[in-house]
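Okay, everyone, thanks for coming. Let me put the structure up, and then I'll talk you through a few places in it.

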Amino acid sequence: AEIDRIDRELIRALAERMEAVRRIAAHKRDNPDVPLRNDEREREVFQVWSEQGRQHGLSPYFIGRILREVLNYSRRDQERVLVREDEPERAARSVRVGYQGAPGAYSDLAIEKLFTSRPQPVKSREGFHTFAAALDALESGEVQYVLLPIENTIAGSINDVYRLLAERRVHVVDEEVWAVEHVLAGLPGATLEDLEIVRSHPVALQQCQVFLGQLVGVTAESHFDTAGSAFSVAEAGDRRIAAICSEEAARRAGLEVLRREVADREHNITRFVLVGLEAERVDARVRARTSLLFTADHRRGALAACLQYFADQGINLCKLESRPLPETPWEYLFYVDLEGNVEDPRLAAALQKLAEHTNHLRVLGCYPDRSVEGGLPEEAAELEVAPAPVAPPPAQPKQGAKEPLVTNVRPDATERAASVVRVGTARIGAPDEFTLILGPCAVENRAQVMEAAEMARDAGAKLLRGGAFKPRSSPYSFQGLGWEGLALLAEAGRAYDLPIVTEVLRPEDVERVAQTADVLQVGARNMQNFALLTELGRVRRPVLLKRGMSATIGELLAAAEYVLAGGNQQVVLCERGIRTFETATRATLDVSAVPVLKARTHLPVIVDPSHAAGVRELVIPLALAAVAAGADGLIVEVHPNPDEALCDKDQALTADQLRELVRGAEAVVRTQGRTF
Ligand code: PEP
Ligand code: MN
C-alpha cells in the first residue's frame with residue numbers, strides 16, 4: 001500500500017512536470033529564436049539530480065537513467081508541439097499507419113513509440129504481409145504512413161526496403177530506433193527440452209545463432225514475421241514449437257517466455273523510417289537528418305567528388321550505402337544519410353553542387369534525427385555544436401524557397417561546370433567533343449531502319465534516332481509503329497552498336513520506353529507536358545528536350561527544371577526552330593539560342609536543323625551555322641529513300657548529302673579544337 005501511494009505521487013509529479021514542459025514548449029513555439037535545447041540548463045539539472053540523489057543514498061547511475069528518460073520524453077513532446085503549430089489542419093487528423101508483420105511485431109511497437117513524438121494521433125496500426133503490400137496501401141490511401149525497418153546493428157541494411165524506396169514515389173518523413181530484445185517463447189508449460197522447432201523471421205533467427213546452436217536437435221524455421229511466428233506457435237498448440245519474438249508479441253499470443261536475452265549480441269538496434277506520400281518540413285531547431293539517393297558517373301573520382309561537396313560545407317555523413325542498379329550491371333545507386341536540415345543553406349549549397357556530378361539525384365526526405373537519444377549533457381553538447389563551415393555560407397535562400405537547378409543566372413554562375421551526358425561512347429556537352437545523332441524521322445520497317453542505321457554509323461554518328469511514337473499535327477498522318485517500332489529501332493541499334501534515342505509521348509509510357517531506349521526525347525509539341533516531364537524526372541535515362549515551337553528560352557529552361565527537380569540530372573537541350581512570321585522555312589532556326597543557352601545553363605545544347613529547315617537543301621547550311629555557334633551536337637534526319645519516307649520526307653538527307661554535311665561540320669569542329 002505504501003509503494004502504491006508513492007507511485008501515485010511519482011506519477012502525479014511527473015504529470016505536473018510535463019505540464020510545465022508544455023508551457024515552455026508553447027513559449028518556444030511562439031518565439032522561433034529560442035533554441036529547442038539548452039545544454040547548459042540540462043547539465044545543471046543533471047547535477048542537481050545526482051547531487052540530491054547522492055544525499056538520499058541513490059546511485060547517480062540510476063538517477064541519471066531516470067532523468068534521461070524524463071528529458072527524452074519532454075523533448076519529444078516539445079517537438080510535437082512545434083510540428084502541430086506548423087500545419088494545424090494536418091496535425092489534428094488521426095492517421096492509419098501500415099507496417100510489415102503481425103500485431104506485436106517490432107515495427108508495430110516502434111510505431112507506438114514514434115507517434116508519441118508526432119502530432120497526429122494514430123487511428124489504427126495495420127499489419128501487411130510484405131513491405132510492398134504496405135506501400136501499395138500507402139499509395140492507394142488505405143494508410144497515411146508506413147513504417148519500414150531500414151537497418152539493424154547486427155544484420156545490416158535491409159535491402160528490400162532500400163530498393164522499394166528507390167522505386168516508389170514516397171518520402172521519408174521520420175525515423176525511429178528500437179532496441180530489439182528477443183525472447184524465446186513457447187506454450188505455457190513448455191520447456192527447452194520439449195523443443196524441436198524454433199520459428200521466427202529469418203533476420204531474427206540470424207541474430208540468435210549462438211543460442212540456437214546450443215539447442216541440440218532443434219531446427220530453425222523461417223516465418224514472415226517475428227510476432228506472426230508467436231501467433232502461429234499459439235495456433236499450433238504444440239509444445240515442441242517455440243518462437244523468437246518480442247516479449248510483447250509473446251504476451252499478445254498468450255505464450256510464455258522460456259528464455260530472455262537470446263540474441264548473440266547485447267546491442268541489437270533496428271532503425272525504422274516512416275514514409276508518406278508528401279515530404280514534410282522539419283523545424284530548423286530540431287536536429288535533423290536528410291537522406292539522398294543518387295547515381296554517379298562510372299569514372300575515376302566521380303563518387304569522391306560528390307561526397308567532397310558535403311565535406312566542403314562541413315556536413316557530416318552518417319551513412320553511405322550502395323545498391324546495384326539491375327538495369328545497368330556494375331553501376332550503383334548510392335544512398336546517403338546526412339546530418340542536417342535540407343533547408344539549411346549549407347546543405348542546399350552542397351546539393352546544388354552535387355547535382356552537377358550526378359546523373360540522378362533525389363532527396364528522399366528530411367526528418368528529425370532520433371538515432372541518438374537521451375545523450376547525457378556532455379554527449380549532447382558535442383552533438384549540438386554545428387560544424388564550422390569551411391567556406392562562408394552562400395547567400396541565404398528563404399526557407400522553403402528552391403534554388404533552380406537548371407539556370408544559373410546567379411552571381412556565382414561561372415562556378416558551375418558544364419555537365420556532360422554520357423551515352424554509349426558519346427560525351428554530349430564535353431568541351432572537346434562534338435556529337436552527331438542521325439536516323440530517320442520515323443521507324444517504318446526493319447529494312448528501312450537497318451539501312452538508316454548503317455548510314456548513321458558510316459557517317460560517324462554516336463547515337464541512332466528514330467520515332468516509334470510520332471506526335472503528328474494531324475490525326476490522319478502516320479502515327480508511328482509504336483512498341484513494334486521501338487523494338488525494331490533497338491534491333492538496329494544493337495546491329496550497328498549505336499545507342500538509341502526515341503520520343504516518348506505519354507507519362508504512362510515513360511518507364512517502359514526507358515527499359516529499351518538509351519535516351520528519351522521530348523518533342524517540341526510536348527515541351528510543356530508537365531506530367532510527362534515529371535515522369536521523366538524519375539527515370540535514370542538521359543532526356544533530349546526539344547524546344548517548343550512557341551517557347552521562349554526561359555520556358556525551355558523551366559521545362560528542363562521539371563526533369564532535374566524530379567531527380568534526373570541528365571538533360572540535353574535541343575533547339576529545333578521556332579515559329580515566326582517567316583513562312584519560307586518550316587520554322588526559323590534560332591541560332592542565337594545556342595550561345596544564350598550555353599551562357600545560362602550548364603546543360604548540353606544541341607541543334608536539330610532538319611525540323612527548322614523543312615527542306616533538305618537548307619539542312620546543311622543551318623547545321624553548319626549551329627556548329628559555328630557552339631552547339632554540342634546535331635540531331636539530323638536521314639533516310640535511305642527520302643521520297644518514300646512516311647514522315648518528314650522533304651527534310652530527310654540522302655546518303656550523299658549526309659557525307660557533305662559531315663565533311664563541312666568536321667572542318668568547323670576541328671577549327672574549334674573539338675573532335676567528332
Ligand atoms: C522529330 O524529332 O521527329 C520531331 C517530331 O521533332 P519536333 O518535336 O522537334 O517537331
Ligand atoms: Mn521528324
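Let's start at Arg240, which is partly exposed, with a relative accessible area of 40%. That falls between the 20% and 50% cut-offs, so "partly exposed" is the right label. Arg240 has a salt-bridge partner, Asp238, and the closest N and O atoms of the two are 2.9 Å apart. Keep in mind that this is a predicted model.

How many salt bridges does a search of the whole structure find? The count comes out at 52. Let me pick out a couple of them.

Take Arg118 and Glu280, whose side chains meet at 3.0 Å, N to O. This pair links distant parts of the chain, 162 residues apart. Arg118 sits in the loop between α5 (106–114) and β2 (122–128), while Glu280 belongs to the loop between β11 and β12. Are these two buried or exposed? Arg118 has 4% relative accessibility, so it counts as buried. Glu280 is buried as well, at 12%.

Now the next pair, Asp369 and Arg289, with a salt bridge of 3.6 Å from N to O. Asp369 lies in the loop between β15 (358–368) and α14 (377–384), and Arg289 is in strand β12, so the bridge ties together parts that are 80 residues apart in sequence. Both of these residues are buried. They also belong to a network of salt bridges. Its other members are Glu151, Glu175, Arg271, Arg287, Lys319, Glu321 and Asp337.

While we're around here, have a look at Asp283. Where is it? It's in the loop between β11 (269–276) and β12 (288–296). With 26% relative accessibility, Asp283 counts as partly exposed, because buried would mean under 20%. Its side chain reaches the backbone nitrogen of Arg285 at 2.8 Å. And here's a nice one: Asp283 and Tyr367 are 84 residues apart in sequence, yet their C-alpha atoms are 9.4 Å apart in space.

Let's zoom out for a second. The protein has 676 residues, and buried ones make up 51% of them. There are 23 helices and 25 strands. If you draw a box around the C-alpha atoms along the principal axes, you get roughly 105 × 60 × 45 Å.

On to ligand 1. Which residues are around it? Going along the chain, we have Cys441, Arg465, Lys470, Glu503, Gln521, Gly523, Ala524, Arg525, Lys546, Arg576, His611 and Glu637. That shell divides into 7 charged, 3 polar and 2 nonpolar residues.

Some of the contacts go to oxygen atoms of the ligand. A polar side-chain atom of Arg465 is 2.8 Å from one. Arg525 also uses an N or O atom of its side chain, at 2.8 Å. Ala524 does it with a backbone N or O atom, at 2.7 Å. As for cover, ligand 1 taken alone exposes 300 Å², and the protein buries 97% of that.

Last stop, the surface. Leu58, Tyr61, Phe62 and Ile66 make a nonpolar patch of about 400 Å². Ile66 is found in helix α3, which runs over residues 60–86. Why can Ile66 be part of a patch? Its relative accessible area is 34%, making it partly exposed, and patch residues need over 30%, so Ile66 passes that cut-off.

That's my tour; over to you for questions.

Notes. Residues numbered from 1 in each chain as written. Chains lettered and ligands numbered in written order. Predicted model: local features only at pLDDT ≥ 70, side-chain atom pairs only at ≥ 80, totals over all residues. Heavy atoms only, no water. Patch = residues over 30% accessible without salt bridge, like charges linked within 9 Å, V, L, I, M, F, W, Y side chains within 5 Å. Areas by Shrake-Rupley, 256 points an atom, 1.4 Å probe, with all protein chains shown as cover. Salt bridge = Lys/Arg side-chain N within 4 Å of Asp/Glu carboxyl O. Helix = DSSP H or I, 4+ residues; strand = E, 2+ residues; numbered from the N terminus. Buried < 20%, exposed > 50% of the residue type's maximum accessible area, 1.4 Å probe, protein only. Near = heavy atom within 4 Å. Polar contact = N/O pair within 3.5 Å; in protein donor to acceptor, adjacent residues only side chain to side chain. Nonpolar A, V, L, I, M, F, W, Y, C, P; charged D, E, K, R; others polar.
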